[in-house]
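Colleague: I should like to examine the terms used for this model. Please set each value against its definition before you conclude.

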Amino acid sequence: MTPSPESMPRPFLNFHAHRPAASSAETVIRNYVFPQEQPEETTPSGHPFSIGIHPWHIPHDIGTAWEELERQAASPGCIAIGEAGIDKNTDTPVSRQAELLLRHAELASARHLPLVIHCVKAWNELMALKKDFPRTLPCVIHGFRGKPQLAGNLLSQGFHLSFGFRFNPQSLLLCPPDRIFLETDEDPRPVEELYRTAANLCGCTPEKLRTQCLGNLARIAQPSKK
């Protein structure tokens, strides 16, 4: 007898990765660092992706690149905007990075999509800029490795946190279930391994954590049909 869709195993959500799904056991939101990378015209619509201008790769002339980014953001497969953000390890002035991050926030809000944020050594600047973001915009800090105090400050401002294989266990425990995501980023290991590690720490099953993360995504990603 053929199993019903309801009885079939659900995949583990990999919130942010720079690779396609490793197997049918995971659903990857594949990130494209624009304009260096972008989905092919033939990319199946069932393969979700995020796209944005990384602070390491901001083009000198943003005009044409931004028009193409807006076009990609309107694709049915686009499920998040970013990663974009502020990184003090790059030579681009923080003011320019912040201005571009705000444009990403406005685009994400217009598309009813979450904003995936890259932040390195610029937490104060990010939290100050957050006040200028659209009020209802869901913002996810990807690859969060910070200490519990920083996690608490970000959570108090409404940020979601996405954890990779390198994370602070106390910060993970501090994160409410409805604000958590798990990701592999550039790590080639299956995301299911991370779910097992995180679930063991949280005292729940990987399946429960999988259901929670999938539900969190469904709640914050409501793409505009315009």
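Modeller: The discussion below takes up confidence, the sheet, its helices, the cysteines, the salt bridges and the backbone in turn.

Colleague: What makes a residue eligible for discussion here?

Modeller: This is a predicted model, in which local features need pLDDT of at least 70 and side-chain atom pairs count only at pLDDT 80 or more, while totals for chains, interfaces and linings use all residues. Residues are numbered from 1 along each chain as its sequence is written, and side-chain values use heavy atoms, with hydrogens and water left out.

Colleague: What is the mean pLDDT of the protein?

Modeller: pLDDT is the predictor's confidence in each residue, from 0 to 100. The mean is 92, and 92% of the residues reach 70 or more. Over residues 1–8, however, the pLDDT is below 50, and this stretch has 1 contact (heavy atoms within 4.5 Å) beyond near neighbours in sequence. Where pLDDT is low, the predicted coordinates should not be read in detail.

Colleague: How do you know which strands pair in the sheet, and in what order?

Modeller: Helices (H or I, at least four residues) and strands (E, at least two) are DSSP runs, numbered from the N terminus. Two strands pair if DSSP finds at least two bridges between them. β1 and β2 are joined by 4 bridges and run parallel, and β7 (residues 160–163) pairs with β8 in the parallel sense over 3 bridges. The open sheet has 8 strands in the order β1-β2-β3-β4-β5-β6-β7-β8, with parallel pairing.

Colleague: Why are β1 and β8 said to stand at the edges?

Modeller: β1 (12–17) and β8 (180–182) each have a single partner strand, so one side of each is left without a neighbour in the sheet. Neighbouring strands of this sheet are turned by 25° against each other on average, direction ignored. As for individual bridge partners, Asn-14 is matched with Val-28 in β2, and Phe-163 with Leu-182 in β8.

Colleague: Is β1 mostly covered or mostly open?

Modeller: Buried means under 20% relative accessible area, exposed over 50%, and partly exposed in between (1.4 Å probe, protein chains only). By that standard 6 of the 6 residues of β1 are buried, and the strand is mostly covered.

Colleague: Which helices pack on the sheet, and at what angles?

Modeller: Axes are lines fitted to C-alpha atoms, for helices over the stretch in contact, and angles run from 0 to 180 degrees between N-to-C directions. Helix α1 (residues 62–73) touches β2 (26–34), β3 (49–53) and β4 (78–87), and its direction makes about 165° with that of β3. Helix α6 (residues 191–202) lies across β1, β2, β7 and β8, running at about 110° to β1.

Colleague: Why is Cys-204 not bonded to Cys-202?

Modeller: A disulfide is a pair of cysteine sulfur atoms within 2.5 Å. The sulfur of Cys-202 is the closest to that of Cys-204, but it is 5.3 Å away, too far for a bond. Cys-213 is in no disulfide either, as the nearest cysteine sulfur, that of Cys-175, is 9.2 Å away. The search of the whole structure accordingly finds 0 disulfides. At 23% relative accessibility Cys-204 counts as partly exposed, whereas Cys-213, at 0%, counts as buried.

Colleague: What makes Glu-68 and Arg-71 a salt bridge?

Modeller: A salt bridge is a side-chain nitrogen of Lys or Arg within 4 Å of a carboxyl oxygen of Asp or Glu. In this pair the closest N and O atoms are 2.8 Å apart, and the criterion is met. Being 3 residues apart in helix α1, the two are separated by about one helical turn. Glu-68 is partly exposed at 21%, and Arg-71 is partly exposed at 41%.

Colleague: Which pair links distant parts of the chain?

Modeller: Lys-88 and Glu-125 form a salt bridge with closest N and O atoms 2.6 Å apart. Lys-88 lies in the loop between β4 and α2 (94–111) and Glu-125 in helix α3 (residues 123–129), 37 residues apart. The structure holds 5 salt bridges, including that of Asp-187 with Arg-189 at 2.8 Å, N to O.

Colleague: Which peptide bonds are called cis?

Modeller: The bond from Phe-34 to Pro-35 is cis, with omega near 5°, and Pro-35 is found in the loop between β2 and β3. Another cis bond joins Gly-82 and Glu-83, where omega is about 20°; Glu-83 is placed in strand β4.
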